[in-house]
Amino acid sequence: QVQLVESGGGLVQAGGSLRLSCAASGRTFGSYKMGWFRQAPGKEREFVSASYVSGRNTAYADSVKGRFTISRDNAKNTVYLQMNSLKPEDTAVYYCAAGLTDWDNYPYWGQGTQVTVSS
């Protein structure tokens with residue numbers, strides 16, 4: 001069982017920045033695939049970014065590419081999402097998720113943290 005706790009959400013003006021953190025339990029965090037997803041009101045949850053173990057690869061949704069950066073600190077069991085040049089359309093609840101391998105789905109989810117970007 002993996003427990004995930006997000007933090008760092010809040011209210012920010014358009015053009016501003018926020019950094020989300022997700023702390024994970026477990027002694028093998030370094031082998032977890034970690035992802036960030038978001039869900040805006042009235043919309044389906046969508047993929048934002050992922051950090052893979054294999055090759056230390058990362059992936060981003062087109063809508064955030066060049067503005068968001070995912071990183072991880074395996075010593076701290078934490079994954080981060082640095083969000084720059086925020087737009088009102090980035091407003092959503094952001095969720096952290098974990099898969100036990102790069103080929104796993106995401107069976108573990110955090111409770112979410114609200115990000116609100118004002119225009």
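Which strands form an open sheet, in what order, and is the pairing parallel or antiparallel? The model on screen is a predicted one, and the tour begins with this sheet before turning to the disulfide and the salt bridges.

**The sheet**

Select β1, β3, β8 and β7, and you have the four strands of an open sheet, arranged in the order β1-β3-β8-β7 with antiparallel pairing. Look next at the two edges, where β1 and β7 stand: each has a single partner strand, so one side of each is left without a neighbour in the sheet. If you turn the view to look across the strands, the twist to keep in mind averages 15° from one strand to the next.

**Strand β1 and its partner**

Now narrow the selection to residues 4-7, which make up strand β1, and show the side chains, which alternate along the strand. Leu4 and Glu6 point to one face and are buried, whereas Val5 and Ser7 point to the other face and are not buried. Add residues 18-24, strand β3, which runs antiparallel to β1 and is joined to it by four bridges. Within this pair of strands, select Ser7 and then look across to Ser21 in β3, which stands opposite it.

**The disulfide**

Stay on β3 and select Cys22, then add Cys96, to which it is joined by a disulfide with an S to S distance of 2.1 Å. The count of disulfides in this model comes to one. Because Cys22 lies in strand β3 and Cys96 in strand β9, the pair ties together parts that are 74 residues apart in sequence. The torsion about the S-S bond of Cys22 and Cys96 is about -80°, so the disulfide is left-handed. Colouring by accessibility would show Cys22 as buried, at 0% relative accessibility, and Cys96 as buried, with a relative accessible area of 0%.

**The salt bridges**

A search of the whole structure finds four salt bridges, and a convenient place to start is Asp90. Select Asp90 together with Arg38, with which it forms a salt bridge whose closest N and O atoms are 2.9 Å apart. Asp90 lies in the loop between β8 (78-83) and β9 (92-99), and Arg38 in strand β4 (residues 33-39), so this pair ties together parts that are 52 residues apart in sequence. Asp90 is buried, with a relative accessible area of 1%, and Arg38 also counts as buried, at 6% relative accessibility.

Keep Asp90 selected and add Arg67, which forms a salt bridge with Asp90 in which the closest N and O atoms are 2.8 Å apart. This pair links distant parts of the chain, 23 residues apart, with Arg67 in the loop between β6 (58-60) and β7 (68-73) and Asp90 in the loop between β8 and β9. Arg67 is buried as well, its relative accessible area being 11%. To see the wider arrangement, extend the selection to Arg38, Glu46, Arg67 and Asp90, which are joined into one network by salt bridges that share partners.

For the last stop, select Lys65 and Asp62, which form a salt bridge with their closest N and O atoms 3.1 Å apart. Here Asp62 is exposed, with a relative accessible area of 66%, whereas Asp90 is buried.

How values were computed. Residues numbered from 1 in each chain as written. Predicted model: local features only at pLDDT ≥ 70, side-chain atom pairs only at ≥ 80, totals over all residues. Heavy atoms only, no water. Salt bridge = Lys/Arg side-chain N within 4 Å of Asp/Glu carboxyl O. Buried < 20%, exposed > 50% of the residue type's maximum accessible area, 1.4 Å probe, protein only. Pairing = 2+ DSSP bridges. Axes fitted to C-alpha atoms, helices over the stretch in contact; angles between N-to-C directions. Disulfide = S-S within 2.5 Å.
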